[in-house]
Amino acid sequence: MPRHNERKYRAVSALQRRIGNPILRRLPFQTLLETTGRASGLPRPTPVGGRRVGDSFWLVSEFGERSQYVRNIKADPRVRVRLRGRWHTGTAHLLPDDDPIARLRGLPRMNSTAVRAMGSGLLTVRVDLDGQGLAS
């Protein structure tokens, strides 16, 4: 990874870990992707931006396979997604052949702009949702 991208990754990750994620996780209608920690086995909720299309939820990981939630998905693709305050279970799929820039055009504009500005090594993720949402 080029030096500039490495610095960007470290800076954005530190900011998200210390400030953004702890605050956003507490907002009741923030979309969350909950993976299972690959080492701890504990639930790991991550604020994400994306869009539900039918029975799938689409998002773009700003740091691709370097993102901790992507690493967790590789170890266990069963996830939960909180959409509008309701939890949905599903199976996540990493789509390296999908065009993440084109995908971002169909996702919420504000989040997509932030992902493009802060990210490098973008990766599309699709979560196939199981039936009905769970009670929160």
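## A seven-stranded open sheet and its surroundings

In this predicted model, 5 of the 7 residues of strand β7 are buried, so β7 is largely enclosed by the rest of the structure; buried means under 20% relative accessible area, exposed means over 50%, and partly exposed covers the range in between, with a 1.4 Å probe and protein chains only. Residues are numbered from 1 along each chain as its sequence is written, and side-chain values use heavy atoms, with hydrogens and water left out. Because the model is predicted, local features need pLDDT of at least 70 and side-chain atom pairs count only at pLDDT 80 or more, whereas totals for chains, interfaces and linings use all residues.

**Overall arrangement.** The secondary structure of the protein comes to 4 helices and 7 strands, where helices (H or I, at least four residues) and strands (E, at least two) are DSSP runs numbered from the N terminus. Along the sequence these elements follow the pattern α-β-β-β-β-α-β-β-α-α-β. Of the 136 residues of the protein, 40% count as buried. Among contacts with a separation of 6 or more, 67% come from residues 24 or more positions apart, contact meaning heavy atoms within 4.5 Å.

**The sheet.** The 7 strands form an open sheet in the order β2-β1-β5-β6-β7-β4-β3, with antiparallel pairing; two strands pair if DSSP finds at least two bridges between them. Strands β2 (43-47) and β3 (50-53) stand at the edges, each with a single partner strand, so one side of each is left without a neighbour in the sheet. On average, neighbouring strands of this sheet are turned by 30 degrees against each other, direction ignored, the axes being lines fitted to C-alpha atoms (for helices over the stretch in contact) and angles running from 0 to 180 degrees between N-to-C directions.

Strand β7 (residues 123-129) is joined by 6 bridges to β6 (residues 86-95), and the two run antiparallel. A further 6 bridges join β7 to β4, again antiparallel. The table gives individual partners in β7.

| Residue | Partner in β7 |
|---|---|
| Leu 95 | Thr 124 |
| Ala 92 | Val 127 |
| Val 60 | Thr 124 |

**Helix α2 and Asn 72.** Helix α2 (residues 68-75) lies across β1 (32-36), β2, β4 (56-61), β5 (78-83), β6 and β7, and runs at about 50 degrees to β1. Asn 72 lies in this helix and is buried, with a relative accessible area of 4%. Leaving aside its neighbours within four places in sequence, Asn 72 is in contact with Thr 35, Thr 36, Gly 37, Arg 38 and Arg 44. With Arg 38 there is also a polar contact between the two side chains, at 2.6 Å; a polar contact is a pair of N or O atoms within 3.5 Å, of which, within protein, one must be able to donate a hydrogen and the other to accept it, and residues adjacent in sequence count only if both atoms are side-chain atoms.

**Helix α4 and Ala 117.** Ala 117 has its place in helix α4 (residues 109-118) and is exposed, with a relative accessible area of 53%. Its C-alpha atom is separated by 9.0 Å from that of Glu 62, although the two are 55 residues apart along the chain.

**Charges over rings.** The charged end of Arg 80 sits over the ring of Trp 87, 4.0 Å from its centre, and that of Arg 103 sits over the ring of Trp 58, 3.8 Å from its centre. For such an arrangement, NZ of Lys or CZ of Arg must be within 6 Å of the ring centre and within 35 degrees of the ring normal.
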